[in-house]
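Q: Can we go through this model together? I'd like to start with how strands are said to pair.
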Amino acid sequence: MERLQKYLAECGVSSRRKAEELITSGAVMVNDVIVTELGTKVSANDVVKVNNVIVDKEEHVYYVLNKPVGYITSVKDEKNRPTILDLFEENDKKYRIYPVGRLDYDTAGVLLVTNDGAFSNKLTKANYEVEKEYVARVEGLVTKLEVLDLKRGVTLKTGYKTKPCNAKVVSSDKRNNTTLLNIIIHEGKNHQVRLMCDAIGHPVKKLTRVRVGNITLEGIPKGCYRRLKIHEVKEIMGR
Ligand code: URA
C-alpha cells in the first residue's frame, strides 16, 4: 500500500506536489470513487484514474550513458542546445526518464538515467556514500603536496571545504605542461572537481567521469548507453 500522491508521481503523472493538487481538486478516482483525501492509500490491485483515464504504474528503467562533451544534462534546454535525451532512442524514451545528478556541458563520462525517483533521490542525497571517480587533465605539473591538499580537502571559491577524498597523479606530461589526475569523491557539489583543481592552482582542461559506484564506461562507446542489470541497480542502492 502506498499514498495516492506518491503512487501518481511514480506512475509519471506529475510531481508529488501536483498530484496532491489533482487529488484535492477531485480529478482522481480510486475504483471509480472520487478521492480527495491526501492520506488515501492504494495498492497495485486498485484501479486509479485521473480525469477518467486509467494510470498504470510505469516500469522502472535504469540506463548508463557515456555522455559526450557538448550535451546538456537536462531533459530540455531553453537555448535549444543538445540534451542527453537526444542520445536516446524513441523507444527508450517512452518513460519519463531523466538524469541522476549532473555532469557539466564540458564533462564526459558515466551518467545514470532513470525514471525511478527513489533511485535518483537516494544517489543524489548529500550524505549518500556512492563513489564518483574522475580522470582530469589539468594545466601544469601537480606536486605531491598539492595532491595531499586535494586528499585532505580544499576550500573552493564558493567557500565550501571539500571532504577528504582519494586523489593521485596518473601521469605528468612535462612537454605539454599538463598532469593527468585520478580523483574519487563521495560528494556532488556543482562543478566540484573543476573547482577543486582550481583551488590547487591547476585548472581542468578535460574532465571525464569514469565510474559511479559499481558502474563504469566499459563496453559503452561515447554517446551510447546500456540498460543497467537489476543486480547493478541493487548494488548501487546498497541493498
Ligand atoms: N565535477 C565537475 O567539476 N564537473 C562535473 O561535470 C562533474 C564533477
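A: Two strands count as paired if DSSP finds at least two bridges between them. Keep in mind that this is a predicted model.

Q: OK, so how many bridges are there between E10 and strand E13, and in which sense do they pair?
A: E10 pairs with E13 (residues 204-212) over 7 bridges, in the antiparallel sense.

Q: Which residue in E13 is the bridge partner of valine 138?
A: Valine 204 is the E13 partner of valine 138.

Q: And what about strand E10 and strand E12, how many bridges there?
A: There are 8 bridges between E10 (residues 132-139) and E12 (residues 178-185), and that pairing is antiparallel. One of the residues involved is arginine 137, with leucine 180 as its bridge partner in E12.

Q: Switching topic: where is arginine 3 placed?
A: Arginine 3 lies in strand E1, which covers residues 2-3.

Q: Why does arginine 3 count as partly exposed?
A: Because its relative accessibility is 41%, and partly exposed covers values between under 20% for buried and over 50% for exposed.

Q: What is arginine 3 in contact with, leaving aside neighbours within four places in sequence?
A: Leu38, Gly39, Thr40 and Lys41.

Q: How far apart in space are arginine 3 and glutamate 89?
A: They are 33 Å apart, C-alpha to C-alpha, with their positions 86 residues apart in sequence.

Q: Last thing, which domains does the assignment give?
A: Domain 1 (2-54), domain 2 (62-127 + 214-237) and domain 3 (131-212). The centres of domain 1 and domain 2, taken over C-alpha atoms, are separated by 28 Å.

How values were computed:
Residues are numbered from 1 along each chain as its sequence is written. This is a predicted model: local features need pLDDT of at least 70, side-chain atom pairs count only at pLDDT 80 or more; totals for chains, interfaces and linings use all residues. Side-chain values use heavy atoms; hydrogens and water are left out. Helices (H or I, at least four residues) and strands (E, at least two) are DSSP runs, numbered from the N terminus. Buried means under 20% relative accessible area, exposed over 50%, partly exposed in between (1.4 Å probe, protein chains only). Contact means heavy atoms within 4.5 Å. Domain bounds come from an automatic or database domain assignment.
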